[in-house]
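Visitor: I should like a close look at the metal site of this model. Please describe the site and then its surroundings.

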Amino acid sequence: MRYLYDPPGLLKNIFKEFNWNTVNGKILLTFDDGPLPETTQSILKILNKNNIRAVFFCVGGNVQKYPELVNEILADGHTLGNHTFHHKILTKLTRDGIKKEISSFNDLVREKFNYSAEYFRPPHGKFNFTVKRILKEKNMRPVMWSLLTADYKNDLNLVKFAVDNYLKHNSIVVLHDSLKSKDIILNSIEYIIDKAGKMNFEIGEPSGCLR
Ligand SMILES: [Zn+2]
């Protein structure tokens, strides 16, 4: 299991506009693949209780199905990120296919919520030079991560292990707003908040954490 996402310096240098860690030395929480009726609202509740603002990297198909949940995400002051429309692996698509996956999400949220998506996370973390160029053309900011909690395995012990060993002051943490992590997501969030508090790490706002 690879919790720590720490690609070689060369890669980070070539893709230097990508966010690998936060830029302000605070922790950023991110939630991928939602929104979903089974999970999103309880995640929002716990974030709200702890006065935390996160990035929700949503999938267009789910945004279309559950617009009221997106409204709740936005109403709580969170940031909506583009995680493509169909959660396809972009490196397997043509240039036009990649563009379409990214644009159709942006068009949807602009139309439905008058929202301009600024941040992008590629599904499964897979990108290439074509993805990089398209994001640049669209003036979008790529957000990777530095701590994968493996919450999608639905085993709280794995999350605890990842957080205990790899949480840093500037971690971008990936969690899932998805059925895969449904049983442990709330405990996972609480565990991260507790651990951050014990370590004297601060949890930051998306706009300050990302470039
Ligand atoms: Zn995803």
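Guide: The account below begins with the metal site and then turns to its surroundings. The model is a predicted one, and the values given here are computed from it.

The zinc ion is held by three residues: Asp-33 through OD, and His-83 and His-87 each through NE2, with distances of 2.0 to 2.1 Å. Along the chain these donors follow the spacing D-x49-H-x3-H. The two histidines may be set side by side in terms of accessibility. His-83 is buried, because its relative accessible area of 1% falls under the limit of 20%. His-87, with a relative accessible area of 24%, is partly exposed.

His-83 repays further attention. This residue is placed in the loop between β3 (79–82) and α5, and α5 itself covers residues 95–113. Besides binding the zinc ion, the side chain of His-83 makes a polar contact of 3.0 Å with the side chain of Asp-33, itself one of the zinc donors. The His-83 side chain also reaches the backbone oxygen of Arg-121, at 2.7 Å. If residues up to four places away in sequence are set aside, the residues that His-83 touches are Asp-32, Asp-33, Phe-57, Cys-58, Val-59, Phe-105, Arg-121, Pro-122 and Pro-123.

Pro-123 leads on to the largest pocket. Together with His-124, Gly-125, Trp-145 and His-176, Pro-123 lies nearest the centre of that pocket among its 25 lining residues. The space in the pocket amounts to about 570 Å³. By character, the lining divides into 11 nonpolar, eight polar and six charged residues. Elements that each supply at least two lining residues include α3 (60–65) and β7 (172–176).

Thr-40 offers another view of the chain that contains the site. It lies in helix α2, which spans residues 40–49, and is buried, with a relative accessible area of 0%. Leaving out residues up to four places away in sequence, Thr-40 touches Pro-35, Leu-69, Ile-73 and Asp-177.

Asp-76 lies in the loop between α4 (67–75) and β3, the strand that also borders the loop of His-83. Asp-76 is partly exposed, with a relative accessible area of 24%. Its contacts beyond four places in sequence are Leu-44, Asn-48 and Arg-53. Asp-76 and Asn-51 stand 25 residues apart in sequence, and their C-alpha atoms are 9.6 Å apart in space.

Helix α6 completes the description. This helix comprises residues 129–137, and its buried residues are Thr-130, Val-131, Lys-132, Ile-134 and Leu-135. Their cover includes α1 (9–14), α5, β4 (119–120) and β5 (141–142); α5 is thus found both here and at one end of the loop that holds His-83. At the N-terminal end, α6 is capped by Asn-128, with a side-chain oxygen 3.1 Å from the backbone nitrogen of Thr-130. After the helix comes Asn-139, whose phi is positive, near 60 degrees.

Technical notes
Residues are numbered from 1 along each chain as its sequence is written. This is a predicted model: local features need pLDDT of at least 70, side-chain atom pairs count only at pLDDT 80 or more; totals for chains, interfaces and linings use all residues. Side-chain values use heavy atoms; hydrogens and water are left out. Donors are N, O and S atoms within 2.8 Å of the metal (3.2 Å for Na, K and Ca); water is not among the atoms, so sites may look incomplete. Buried means under 20% relative accessible area, exposed over 50%, partly exposed in between (1.4 Å probe, protein chains only). Helices (H or I, at least four residues) and strands (E, at least two) are DSSP runs, numbered from the N terminus. Contact means heavy atoms within 4.5 Å. A polar contact is a pair of N or O atoms within 3.5 Å; within protein, one must be able to donate a hydrogen and the other to accept it, and residues adjacent in sequence count only if both atoms are side-chain atoms. On a 1 Å grid over the protein atoms alone, a cavity is a set of points where a 1.4 Å probe fits but cannot get out, and a pocket is an open set with protein on both sides within 12 Å along at least five of seven lines; lining residues have an atom within 4 Å of a point. Grid points are joined across faces, edges and corners, and a volume is the space filled by probe spheres set on the points. Ala, Val, Leu, Ile, Met, Phe, Trp, Tyr, Cys and Pro count as nonpolar, Asp, Glu, Lys and Arg as charged, and the others, Gly among them, as polar.
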